[in-house]
Amino acid sequence: MPNTLEAELCAIVGEDYVSAQEEERYLYSMDPGTMPPAKPDAVVLPKTPEEVCEIVKLANRMQVPVVPMGAGLVLSGLTRALKGGIILDMKRMNRILMVNETSRYAVVEAGAAQGMLQHYLKKHHPGLKHSIPDAPPGATFGGNVTIHGSGHLSCLGGFHSDMLNGLEVVLPDGTIARIGSCALSDNWFARAPLPDLAGLFLGWAGTTGIVTKLSIKLYPAYPFNDVDIFVLEDENAMPDVLYRLTEPLVAEDITCWMTPKPEWAKGFCHANVAYGAKTREALRWKRNLLRDAVKPYIEKKTGGFMPVPPPMKKRFMDVPASDLARFADVRKGGGFEYVGAIMPVEFFPNACRLGMETATRHQTAYSLGARIVGVNHAMMFFYAYAFNRADEKDVERAQMALEETNKKVVEMGGVPWKAEEPAQKEILKKMHPEMANLMNRIRDALDPGKIMNPGNWEV
Amino acid sequence: MEMEHAEILHRCFRCGYCKFPKNYADINCPAYLKYRFETFAPGGRMWLLRALLDGKINGSKRMQKILFSCATCGNCVNHCAFPGFRDRLLDAFTAGKELLIDSGAIPPEARDYLTNLTNHKNPYKKPAKKRGEWAQDLDIPLYSDEEYLFFAGDVGSFDSRGMEIAGAAAGLLKAAGISFGILGGDEYSDGNDAHAMGETALFRELAEKNIRIWREKGIKKIICLSPHGYNAIKNLYSPYADDLMVFHYSAIVLQVLGKLNFQEVKPVSVTYHDPCYLGRHNSDYETVRGILRSIPGVQVKEMDRNRKNALCCGGGGGNFFTDILGGGPESAAAARAREAADTDAQILVTSCPICTTMLEDGVKAGNLDSHIRVVELSVFIRERTGAIG
């Protein structure tokens with residue numbers, strides 16, 4: 001990297017927050033997934049949107065790529081500097097700027113961690129909560145919302161991008177734009193009824209701009225909460241079960257899981273249904289609604305709610321669930337990655353079979369599951385494969401399983417979520433040509449210098 | 001290159017639970033809080049150590065700073081999501097520092113600290129005979145056959161604020177009728193921070209010197225002023241001497257609290273900062289709280305992050321001496337001072353001479369002097385009892 005770039009970056013954010021040293025270049029070249037490393041020339045930690053603007057302008061002047069990064073937990077390598085350049089680690093911009101209790105939203109900086117808002121709301125607004133992804137608590141809002149994440153209120157509110165009221169973004173030319181009601185005033189209550197430009201920055205993997213602030217929808221936090229687990233053997237029945245479980249509009253979250261371990265879980269499909277209420281009576285009433293919804297299965301004894309011991313229940317209600325990360329230690333190797341396939345719920349049986357077949361073929365440890373998004377409107381079906389980071393062959397095995405799964409998902413008609421660069425290519429191959437064209441035209445218009453996270457979504 | 005615990009390095013997923021307390025209130029790793037690059041977080045250190053062993057990076061000045069800025073607070077150990085190896089995280093970092101030291105890649109500040117410790121058996125370059133000066137006006141006997149040895153440690157013996165604290169703590173014990181003596185010039189550094197910095201040979205030498213003199217004098221019970229010394233003697237000396245009874249002075253004070261004559265003074269609100277080497281490293285969260293709650297007129301207000309979740313002052317791992325972690329408004333000490341001030345307590349009490357100085361600096365860095373005052377436990381009790389010391 002020319003020294004001038006480092007010096008210029010130092011002039012913008014201060015020398016403490018710029019590094020072109022080998023340690024940072026090494027660590028920021030990869031994420032915990034299987035994608036091969038790609039080293040940045042420098043890593044910079046901006047503190048304000050204005051600093052982000054200056055960095056982007058500098059990158060334009062010097063024709064250097066810019067890659068925004070939150071917690072770096074995407075696992076699919078979207079924050080690697082595929083063509084070198086600057087990685088912007090956004091986590092110094094981590095303030096919770098305001099909470100509107102009545103209109104139930106919070107405005108946060110893009111680098112704010114999910115866990116920090118969770119704590120803030122518990123402390124200052126105990127009647128409110130936000131949808132928390134199944135990522136570790138350090139996952140940032142900027143990262144998770146812009147990749148169309150989902151979380152523990154996704155039955156209520158859909159994808160996290162659906163729970164977005166508006167945003168502030170630094171465009172590829174270094175100007176700042178506000179999208180949504182916040183473009184007219186400091187009230188960040190909705191994206192409607194304006195032309196919805198938020199979509200220009202959602203799902204684009206940072207190739208169209210760098211989001212710096214977001215307004216997030218909040219939901220009631222109830223004092224009484226529960227989780228019931230519906231179990232059945234026949235995966236073919238799952239779409240109907242999920243249709244029924246979502247019908248009473250009671251569930252805040254439904255996540256399904258299929259795993260070969262522990263032994264008692266092997267061969268069964270489980271659906272965790274989480275819900276809450278203001279009173280015990282209301283909670284009981286909601287529980288009964290759920291039981292009524294799947295009564296035919298219970299009566300025929302083809303499915304039923306399993307008794308859940310309190311410690312296990314607590315574990316299932318733990319948000320975020322720290323034991324999910326532990327899957328990375330299955331092979332004592334610190335690694336897992338998953339294909340998160342956005343699919344219609346009726347694909348569940350095929351999706352399930354695909355996962356098991358692929359894992360068996362590649363001899364990888366697996367965990368399958370699905371989060372229901374909306375009222376059965378879609379699901380994020382995940383195929384998680386563990387690997388041993390110290391064993392190159394094992395990493396390769398997981399990589400091949402992921403690649404094959406991505407291809408099969410696309411063939412099936414699903415869409416890989418936060419797709420790795422090779423999976424993006426698979427998607428683009430199948431994409432309606434005019435959508436791909438439109439994506440290119442938008443990028444050309446916004447980022448003529450092609451500095452924004454290049455290598456991603458390239459047709 | 002080889003190091004102990006190498007087999008766990010690649011098992012870290014870098015999920016980042018280690019950066020936070022249990023309630024995720026804010027960043028709880030002092031080095032990561034200060035520098036904010038992923039490289040300074042525990043997960044970053046794990047992966048970099050693996051890369052170092054694999055020859056992908058070298059023991060550069062940056063790598064030295066990354067490892068030696070670890071305050072060994074143990075937040076990562078408490079909050080890591082992986083029960084299979086989390087207990088060994090700090091051991092791995094220590095082994096990494098040892099590896100760097102052995103290859104001559106050591107930050108100058110750390111080198112100077114260790115050199116002074118080697119040459120003078122204290123980091124202050126002071127002659128041994130000055131070790132007992134803190135006690136010269138207090139009429140404290142040199143140990144002969146008293147029940148306890150009072151171990152002042154390096155900070156209590158040579159640092160001006162530390163000496164005041166040593167005097168206050170010893171004064172309380174005396175006022176309560178505890179039988180104890182000191183070793184003066186025959187005391188050596190406890191070596192806790194040398195150990196944390198990976199200088200295990202020096203640590204062993206210091207431990208052996210201390211144990212030898214204790215054996216000669218028949219010392220079996222030791223009261224430590226500093227949680228760092230307490231940790232070293234209780235946990236690290238045990239392979240060499242497992243028959244010692246070791247106490248942090250607060251444990252003794254709690255036992256004899258009834259003998260202290262608390263005066264009628266106006267009510268005061270305090271918040272308590274858990275020193276890492278008393279709390280996370282030795283699971284003692286309640287002794288000092290018990291003392292504070294027993295003192296008339298004292299209201300205890302808890303910070304958001306307390307006990308296992310307390311934010312470290314940033315002084316551990318030798319950083320109090322080397323300042324590799326550094327101060328200023330972005331430091332852990334300043335963040336901790338702000339958190340204490342947010343409780344609206346008048347006084348920030350802690351029970352470690354290192355934490356006291358670090359937090360005083362934090363109060364200054366945050367311009368919080370008019371909001372909160374840092375007072376070490378023994379000094380606080382002295383103020384409320386009028387005990388001499």
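**Contacts in chain A and across the chain A–chain B interface**

User: With which residue does the side chain of Asp253(A) form a polar contact of 2.8 Å?

Analyst: The side chain of Asp253(A) has a partner at 2.8 Å in a polar contact, which is a pair of N or O atoms within 3.5 Å where, within protein, one must be able to donate a hydrogen and the other to accept it, and residues adjacent in sequence count only if both atoms are side-chain atoms. This is a predicted model, in which local features need pLDDT of at least 70 and side-chain atom pairs pLDDT 80 or more, while totals for chains, interfaces and linings use all residues. Residues are numbered from 1 along each chain as its sequence is written, chains are lettered from A and ligands numbered from 1 in the order written, and side-chain values use heavy atoms, with hydrogens and water left out. The partner is Arg371(A).

User: Is Asp253(A) buried or exposed?

Analyst: Asp253(A) lies in strand β13 (residues 253-258) of chain A, where strands (E, at least two residues) and helices (H or I, at least four) are DSSP runs numbered from the N terminus. Leaving aside neighbours within four places in sequence, contacts (heavy atoms within 4.5 Å) of Asp253(A) include His152(A), Cys155(A) and Asn272(A). The classes are buried for under 20% relative accessible area, exposed for over 50% and partly exposed in between, using a 1.4 Å probe and protein chains only. Because its relative accessibility is 7%, Asp253(A) counts as buried.

User: Why are Arg244(A) and Asp240(A) separated by about one helical turn?

Analyst: These two side chains meet in a salt bridge at 2.9 Å, N to O, the term meaning a side-chain nitrogen of Lys or Arg within 4 Å of a carboxyl oxygen of Asp or Glu. Arg244(A) is partly exposed at 27%, and Asp240(A) is likewise partly exposed at 29%. The separation is about one helical turn because both residues belong to helix α7 (residues 238-246) of chain A, where their spacing is four residues.

User: How many residues apart are Glu8(A) and Arg61(A)?

Analyst: Their side chains meet in a salt bridge of 3.8 Å, N to O. The pair links distant parts of the chain, with Glu8(A) in helix α1 (residues 3-13) and Arg61(A) in helix α3 (residues 49-62) of chain A. Glu8(A) is partly exposed at 34%, whereas Arg61(A) is exposed at 58%. Along the chain, their separation is 53 residues.

User: What area is buried between chain A and chain B?

Analyst: The interface brings 47 residues of chain A into contact with 39 residues of chain B. Buried area is the accessible area (1.4 Å probe) that two parts lose on being put together, summed over both. Carbon and sulfur atoms give 64% of the area between these chains, and the total is about 3500 Å².

User: How many salt bridges are counted between chain A and chain B?

Analyst: One salt bridge across the chains joins Glu38(B) to Lys91(A), with the closest N and O atoms 2.8 Å apart. There are also 13 residue pairs in polar contact between the chains, both residues being at pLDDT 80 or more. For salt bridges between chain A and chain B, the count is four.

User: What percentage of the residues in chain B is buried?

Analyst: Chain B contains 18 helices and eight strands, and its C-alpha trace spans about 60 × 50 × 35 Å along its principal axes. Of its 389 residues, the buried share is 66%.
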